[in-house]
Amino acid sequence: MKTLQKITLLIVLVALISSCASLKGNSASDNKIDPVCGMKVDKSDAFHYKYEGKTYYFDKYECKETFKMNPKKFIVK
Ligand SMILES: [Zn+2]
């Protein structure tokens, strides 16, 4: 009986982990590209900076500072 409980728990865990993974995949539209280094950044935990009415997202504080110093260099029009 105890073994069965362990297996059930394992199945529940695997289901939870895979549903989390698919959730992450679905939120791909929330990913922004850091204009400085080209890295994908998650909007929820990214550094952001507003410039000319648009918000730009960065993976690192350094990238944000680099952008602030010369935004025109990184904006592709
Ligand atoms: Zn960056």
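Is Asp59 buried, exposed or partly exposed? At 25% relative accessibility, Asp59 is classed as partly exposed. The close-ups below come from a predicted model, and Asp59 turns up in several of them.

**View 1. Four side chains hold the zinc ion.** The donors are Asp34 (OD), Cys37 (SG), Asp59 (OD) and Cys63 (SG), sitting at 2.0 to 2.3 Å from the metal. Written along the sequence, the donor spacing reads D-x2-C-x21-D-x3-C. Asp34 and Asp59 tie together distant parts of the chain, 25 residues apart. Asp34 sits in the loop between β1 (31–33) and β2 (40–42), while Asp59 belongs to the loop between β4 (54–58) and α2 (61–69).

**View 2. Angles at the zinc ion.** Why is the arrangement around the zinc ion irregular? The angles subtended by the four donor atoms run from 79 to 127 degrees, and that makes the arrangement irregular. The tetrahedral label would need all angles between 85 and 135 degrees, so the 79 degree end of the range falls outside that window. For reference, the ideal angle for four tetrahedral donors is 109.5 degrees.

**View 3. Two aspartates, one buried and one partly exposed.** Asp34 has 0% relative accessibility, so it counts as buried. Asp59 comes in at 25%. Buried means under 20%, so Asp59 lands in the partly exposed class instead.

**View 4. Lys60 meets Asp59 in a salt bridge.** The two side chains approach to 3.9 Å, N to O. Lys60 is partly exposed, with a relative accessible area of 39%. Its partner Asp59 is also a zinc donor through OD. The whole structure has two salt bridges; the next view shows another.

**View 5. Glu65 and Lys68 pair up within helix α2.** Their side chains form a salt bridge at 3.4 Å, N to O. The two residues are three apart in sequence, about one turn of the helix. Glu65 is partly exposed at 24% relative accessibility, and Lys68 is partly exposed at 36%.

**View 6. The largest nonpolar core has seven residues.** The members are Tyr51, Tyr56, Phe58, Cys63, Phe67, Phe74 and Ile75. The elements giving two or more residues to this core are β4 and α2. Cys63 has a second role here, as a zinc donor through SG.

**View 7. Around Phe74.** Which residues does Phe74 touch, leaving aside those up to four places away in sequence? Pro35, Val36, Thr66 and Phe67 are its contacts. Of these, Phe67 is a fellow member of the seven-residue core.

Definitions and conventions:
Residues numbered from 1 in each chain as written. Predicted model: local features only at pLDDT ≥ 70, side-chain atom pairs only at ≥ 80, totals over all residues. Heavy atoms only, no water. Donors = N, O, S within 2.8 Å, 3.2 Å for Na, K, Ca; no water. Tetrahedral: all angles 85-135°; square planar, octahedral: opposite > 155°, others 65-115°. Helix = DSSP H or I, 4+ residues; strand = E, 2+ residues; numbered from the N terminus. Buried < 20%, exposed > 50% of the residue type's maximum accessible area, 1.4 Å probe, protein only. Core = buried A, V, L, I, M, F, W, Y, C linked by side-chain atoms within 4.5 Å. Contact = heavy atoms within 4.5 Å. Salt bridge = Lys/Arg side-chain N within 4 Å of Asp/Glu carboxyl O.
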